[in-house]
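Please open the structure in a viewer and keep the selection tool at hand. The tour below proceeds from the whole chain to individual residues.

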Amino acid sequence: MRTGHTYTDHFRLETRQHELLGLDLGEGIPRRVLVLALVLYVLWDGALLLLLGLPSKATATLYLLPPGLVVAYGARPGTRVPRRLALTGWAITARYLITGHRPVICGGRRAAYRSEWIGRRGRWAPRLTLLTGSSVLGPAAERWLGPDTDTDTVPAAAGPDIRLTARPRLYGPDAVVRAHSRRAARTARKTARTQGVAA
């Protein structure tokens, strides 16, 4: 049995900020994390400044804590794909739950019909009991999730057939040698013609 090793993670280099506004940061903070923190703080604090005004003693935690938690937990390596940030995984999951999965058909030869998308009920399947179990939010969640497509008797239209005309060919070394010899002969004839014209 063979064992494979992946060494690419060892070559992942990141730039670090060792000093910020005259303050020594020791071993440094990854610059990607600093940029992420800056963007989140500007967006979050800007929105709160518009809604609540300047922070007071009571609201200072609301201004500082949520972006800090998102940066602290979101800048870690993801659990499913370690080369991605956890924040990237959260964004992909949120996009899947909100907008859905649109299948790629034959490498994008045609766009998927709306009936071929995975519906809200299918996307939210692991969280259905949480959504519909509440007596207050249950009816609204049922309306928002839409009909159960698995129990529908009318199958969704799959669209017109796609005809593929690709024919795979397998070339061996003998075919490559023949092609090379034909090309060499063509080049030799062309060279002889140009030398004949020059003479």
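Helices, of at least four residues, and strands, of at least two, are DSSP runs numbered from the N terminus. The model on display is predicted.

**The whole chain**

Begin by selecting the entire protein chain and colouring it by secondary structure. Seven helices and two strands should appear. Followed from the N terminus, the elements run β-β-α-α-α-α-α-α-α. The protein chain has 199 residues, of which 14% count as buried.

Next, display the surface. The protein chain exposes about 16,800 Å², and carbon and sulfur atoms supply 62% of that area. As for contacts in the protein chain between residues at least 6 apart in sequence, 35% join residues at least 24 apart.

**The nonpolar patch**

Now select Leu 65, Leu 69, Val 70, Tyr 73 and Trp 90. Together they make a nonpolar surface patch of about 460 Å². Which helix gives the most to the nonpolar patch? It is helix 2, residues 60-74, with four residues.

Within this group, centre the view on Leu 69, which is placed in helix 2. Is Leu 69 buried or exposed? Its relative accessibility is 42%, so Leu 69 counts as partly exposed, because that category lies between the 20% limit for buried and the 50% limit for exposed.

**Helix 3 and the loop after it**

Proceed to Ile 98, located in helix 3. Ile 98 counts as exposed because its relative accessibility is 62%, and exposed means over 50%. Add Arg 123 to the selection: Ile 98 and Arg 123 are 25 residues apart in sequence, while their C-alpha atoms lie 8.7 Å apart in space.

Then select Pro 103, in the loop between helix 3 (86-99) and helix 4 (120-123). With a relative accessible area of 24%, Pro 103 is partly exposed. Which residues does Pro 103 touch, not counting those up to four places away in sequence? They are Ala 112, Glu 116 and Trp 117. Adding Ile 118 gives another pair to inspect: Pro 103 and Ile 118 are separated by 15 residues in sequence and by 8.6 Å from C-alpha to C-alpha.

**The positive patch**

For the final stop, select Arg 178, Arg 182, Arg 183, Arg 186, Arg 189, Lys 190 and Arg 193. These residues form a positive surface patch. Centre on Arg 182 to see where one of them sits: Arg 182 belongs to helix 7, which covers residues 173-198.

Terms used. Residues numbered from 1 in each chain as written. Predicted model: local features only at pLDDT ≥ 70, side-chain atom pairs only at ≥ 80, totals over all residues. Heavy atoms only, no water. Patch = residues over 30% accessible without salt bridge, like charges linked within 9 Å, V, L, I, M, F, W, Y side chains within 5 Å. Areas by Shrake-Rupley, 256 points an atom, 1.4 Å probe, with all protein chains shown as cover. Salt bridge = Lys/Arg side-chain N within 4 Å of Asp/Glu carboxyl O. Lys, Arg positive; Asp, Glu negative; His and termini not counted. Charge placed at Lys NZ, Arg CZ, Asp CG, Glu CD. Buried < 20%, exposed > 50% of the residue type's maximum accessible area, 1.4 Å probe, protein only. Contact = heavy atoms within 4.5 Å.
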